[in-house]
Amino acid sequence: MATGALSSLGIGSDGALSYDVIDQLKKADTSAIIKPIENKLELNHQKQEKLNELKKLVTSLNTEVVAMSDPAIYQAKTTSLSGSSVSVTADAKAVPGTHTLDVNNLATSDIKQSQTGYGYEDALMGAGTMHLEIDGKTYDISVSATDSVKEVTKKINTETDGKIEASLLNTGGTDPWHIVLKSADTGAKNNISVTGDYDFDQVGSGAKDASFTYDGIQITRATNDIDDLTDGLTIKLEHAGETSITIKQDNSKLLEGMEKFVDSYNKLVKSFTESTKFDKTSKEAGIFQGNSSIRAAATALKDALILTTSANGKTINSYGMEVQRDGTIALDKSKLETALKENPQEVEDFFRGTDGRNGAFNRLENTIFNIKTSSNGILKSLGKNLDEDATRLQQLQKASQKRLDDRYSIMAKKFAAFDSVIAKLNSQGDSLKAMIDAELAQKQ
């Protein structure tokens with residue numbers, strides 16, 4: 001209720017022109033003018049929430065589509081070994097098959113030990129020069145009279161470009177500390193030659209190349225870690241002996257990915273259906289019932305899949321995917337597994353397309369872009385329209401509320417003026433009546 005000059009509104013008119021009357025009139029106008037706008041704004045908000053839900057589901061589907069467009073998932077391989085002389089990993093380039101690898105000997109490093117032993121780590125070694133040669137390179141290590149055995153070891157590590165690893169080893173006895181030189185890499189080219197003022201003894205048989213046969217073919221390598229023997233295989237030689245290597249197609253991730261794709265696709269289709277449906281029995285309608293844009297988006301996604309055909313005319317049904325009456329997909333994993341066993345390349349070509357183009361998932365990815373991301377995309381355009389509609393309704397609500405407030409502010413002032421006039425008339429009437437009553441009383 002108002003205060004001040006209008007706080008006594010209705011007194012003069014005995015309540016006929018009161019704020020209660022104004023409030024009732026304003027409430028009726030608010031219900032007739034403002035409430036419909038508020039209802040439209042609430043519906044707009046609900047539509048925007050549903051649209052955001054649809055966009056998230058489209059994004060989720062796109063994530064699965066992109067994952068299933070990766071060639072590695074179609075070309076994944078797994079290995080099994082009979083024997084322990086090697087360990088093996090296979091990547092997408094590996095060719096399925098069985099091979100025999102027989103390790104004759106491992107690649108080794110060269111090791112040399114100083115002839116002279118020292119009583120402690122900080123013992124002086126004595127001035128001189130140590131000439132070290134490895135892999136065609138010579139390194140001259142100058143030793144001063146004040147250099148300890150430990151300091152000389154550090155010099156060797158610092159000045160040989162990481163090719164020679166020097167350390168001190170306590171071998172026991174009276175003078176236990178010996179300098180040990182080891183080639184950082186294996187292979188025959190990494191034998192160490194030591195000349196100059198210090199003598200070293202050979203430990204073991206020196207650096208050697210690895211020797212093994214692969215399917216009966218004799219092969220040597222300077223290292224036990226081999227990644228250049230055949231495409232897709234990385235082999236580590238562990239010890240002498242024979243191992244059988246079996247390489248197979250690994251479809252586990254592909255089948256798992258297909259399940260995730262179908263699940264994501266079905267969630268989106270169901271959400272599209274729910275938002276556009278109309279139940280004749282219950283008369284309930286989806287929030288986008290009758291919206292042709294949403295229906296067009298759903299149709300575009302379905303067409304991207306069902307209209308894709310392979311070079312020999314096969315459709316997604318041939319690969320275990322069947323579109324149901326409600327638009328969802330039913331996945332028959334056994335049928336897909338059979339197709340993968342019979343012709344994995346054909347499956348990849350269908351879903352990824354030849355050279356990664358024009359496959360079902362490429363078409364679907366392009367469709368998703370057109371629906372959600374492109375400047376004139378269906379969902380983007382719908383979102384823009386909803387934003388513009390919300391802005392228009394908010395402006396209309398604000399303007400309508402102001403007109404309503406102004407109208408009843410003016411009405412309150414008019415009521416106050418009328419109430420004042422009525423009060424004066426009533427007062428004058430009361431005075432006149434009192435005068436008449438007094439006059440009549442005198443005459444009696």
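**Strands, a sheet and two cores in a predicted model**

In this predicted model, strand 5 and strand 6 make a hairpin, and two residues sit between them. One residue in the turn, Asp135, has a positive phi of about 50 degrees. The two arms of the hairpin, strand 5 (residues 128-134) and strand 6 (residues 137-143), are antiparallel and are held in register by seven bridges. To pick out one pair, Thr129 has Ser142 of strand 6 as its bridge partner.

Strand 5 has another partner too: strand 9 (residues 193-196), again antiparallel, with four bridges between them. Here His131 is matched with Thr195 in strand 9.

Which side chains of strand 5 are buried, and which are not? Gly128, Met130, Leu132 and Ile134 point to one face and are buried. Thr129, His131 and Glu133 point to the other face and are not buried. This fits a simple rule: in a regular strand, side chains alternate between the two faces of the sheet.

Stepping back to the whole chain, there are nine helices and 19 strands. Of its 444 residues, 36% are buried. The chain exposes about 24900 Å², and carbon and sulfur atoms supply 49% of that area. Taking contacts between residues at least 6 apart in sequence, 67% join residues that are at least 24 apart.

Next comes an open sheet built from five strands, in the order 1-15-3-11-12, with antiparallel pairing. Its edges are strand 1 (77-82) and strand 12 (217-221), each of which pairs on one side only. From one strand to the next, the twist averages 30 degrees. At one end of the order, strand 11 (residues 210-214) runs antiparallel to strand 12 and is joined to it by five bridges. Within strand 11, Ala210 stands opposite Arg221 of strand 12.

Thr246 gives a closer look at strand 15 (residues 241-249), where it is found. Is Thr246 buried or exposed? Its relative accessible area is 18%, so Thr246 counts as buried, the cut-off being under 20%. Leaving aside neighbours within four places in sequence, Thr246 is in contact with Thr78, Thr79, Ser80, Gly97 and Thr98. With Thr98 there is also a polar contact, side chain to side chain, at 3.4 Å.

The helices come into play in the largest nonpolar core, which has 42 residues. Met258, Phe261, Phe351, Phe361 and Leu364 touch the most other members of this core. Two or more residues each come from helix 1 (19-67), helix 2 (71-75), helix 4 (252-276), helix 5 (292-306), helix 6 (333-342), helix 7 (344-352), helix 8 (360-373) and helix 9 (378-443). Helix 4 gives the largest share, nine residues. What does Met258 touch, not counting residues up to four places away in sequence? The list is Met68, Tyr74, Met321, Leu331, Leu336, Phe351 and Phe361. Apart from the largest core lies another one of 22 residues, including Leu132, Ala166, Leu168 and Ile192. Leu132 brings the story back to the hairpin, being one of the buried residues of strand 5. As a general point, nonpolar side chains tend to be buried together in soluble globular proteins.

Key
Residues numbered from 1 in each chain as written. Predicted model: local features only at pLDDT ≥ 70, side-chain atom pairs only at ≥ 80, totals over all residues. Heavy atoms only, no water. Pairing = 2+ DSSP bridges. Axes fitted to C-alpha atoms, helices over the stretch in contact; angles between N-to-C directions. Buried < 20%, exposed > 50% of the residue type's maximum accessible area, 1.4 Å probe, protein only. Core = buried A, V, L, I, M, F, W, Y, C linked by side-chain atoms within 4.5 Å. Contact = heavy atoms within 4.5 Å. Polar contact = N/O pair within 3.5 Å; in protein donor to acceptor, adjacent residues only side chain to side chain. Areas by Shrake-Rupley, 256 points an atom, 1.4 Å probe, with all protein chains shown as cover.
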